[in-house]
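Trainee: Got a minute? I'd like to go through this structure with you.

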Amino acid sequence: MAKKVGVSEATVSRVLNGKAGVSDSTREAVLTALDVLGYERPTQLRGERARLIGLVLPELQNPIFPALAEVIGGALAQRGFTPVLCTRTAGGLSEADYVSMLLDQHVSGVVFAGGHYAELTAPHEHYRLLHSRGIPVVLLNAAIEGLDFPCVSTDDVTAAGQSFRHLASLGHQRIGLVVGPADHVPSRRKLAAFTEHAERAGHDVAPVEHALFSVEGGQAAATRILRHGVTGIICGSDLLALGAIRAVRRAGLTVPGDVSVVGFDDSGFMNCTDPPLTTIRQPIESMGTSAVALLVNQMESVAVYPEELLFEPELVVRGSTGPAPVRSVPAAVASPAAATAG
């Protein structure tokens with residue numbers, strides 16, 4: 001312990017026994033090391049929470065989550081907090097498990113991104129436990145109602161509208177939507193906005209498919225949606241969009257010659273894909289720093305209301321979208337007079 005912090009054993013002893021003669025910064029460093037190493041604080045020090053902040057993510061394979069972790073972790077470190085990354089894994093630790101561990105470490109607050117709070121049918125007891133303990137929490141992107149935590153979200157309604165209008169402006173009249181699971185709140189918002197735009201535009205074909213957020217999920221959903229003869233596909237994430245492009249090619253078609261594809265996130269390297277992906281950019285820099293500010297405000301007892309801050313997304317046009325293909329008309333239909341003359 002003393003070696004990890006770079007102080008003498010006598011200094012560590014003074015901190016653990018609540019003795020004077022230790023600077024605030026040294027005392028904080030010793031207590032933080034205690035938490036990080038997993039030791040129990042002495043009873044008289046347990047009232048002081050460590051300056052640890054839990055950052056709970058569903059995965060790191062989707063590049064949007066490492067990008068968020070970088071922004072949020074950096075903003076926390078600048079304010080003197082230590083971010084603790086907690087990533088759910090299949091068959092491994094759950095969100096509830098991580099919450100229990102973070103509470104044992106006397107965490108100062110928790111930021112959740114892409115968690116169960118956005119899923120109607122998922123377990124939510126661990127969020128209510130944090131609320132009952134008075135632990136500051138901030139959620140990234142839309143949550144179910146009734147959790148009473150501040151939320152920082154990309155405006156899904158605006159995002160769906162930007163995607164639809166972009167494809168419509170290119171002449172597409174048969175547009176489909178691929179989004180996440182049916183109980184996923186951001187996906188439900190995108191679906192509602194997409195449906196409204198399709199109805200307003202008078203599109204007779206506007207198929208919708210739900211999928212897991214993965215390339216494979218996107219490919220399977222897009223394969224089904226292509227059977228409806230769509231020329232444009234709007235996707236709820238970049239990974240879904242990459243899967244959709246794969247499905248289009250497996251069907252013997254081209255992107256964007258036959259089918260245009262729009263993603264969502266503008267995660268890393270989407271400008272390097274083939275073709276470069278047209279997508280809706282989430283303003284993660286602004287969202288991440290705002291989430292940290294909301295968290296710190298709660299810790300400093302500044303009045304923070306359980307409201308949702310909506311951030312404006314941005315359409316980034318690249319090579320995966322183009323003009324709607326011109327459908328060839330059979331000769332007999334195109335020139336009935338000629339057919340009669342023959």
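Mentor: Here is a quick tour, from the whole chain down to one helix.
Mentor: This is a predicted model, where local features need pLDDT of at least 70, side-chain atom pairs count only at pLDDT 80 or more, and totals for chains, interfaces and linings use all residues. Residues are numbered from 1 along each chain as its sequence is written, and side-chain values use heavy atoms, leaving out hydrogens and water.

Trainee: OK. How many helices and strands does the protein chain have?

Mentor: The protein chain has 13 helices and 12 strands. Both are DSSP runs, numbered from the N terminus: helices are H or I with at least four residues, strands are E with at least two.

Trainee: How much of the chain is buried?

Mentor: Of its 342 residues, 49% are buried. Buried means under 20% relative accessible area, exposed over 50%, partly exposed in between (1.4 Å probe, protein chains only).

Trainee: New topic. How many disulfides are there?

Mentor: Zero. A disulfide here is a pair of cysteine sulfur atoms within 2.5 Å.

Trainee: And C86, buried or exposed?

Mentor: C86 counts as buried because its relative accessibility is 3%. C151 is buried too, at 4%.

Trainee: Now helix 9. Where is it?

Mentor: Helix 9 covers residues 215-226, 12 in total. It reaches 16 Å from first C-alpha to last, close to the 16 Å expected. The expected span is 1.5 Å times one less than the number of residues.

Trainee: Which of its residues are buried?

Mentor: V215, G217, G218, Q219, A221, A222, I225 and L226.

Trainee: What do the buried residues of helix 9 pack against?

Mentor: Strand 6 (175-179), strand 7 (208-210), strand 8 (232-235) and helix 10 (238-250).

Key:
Contact means heavy atoms within 4.5 Å.
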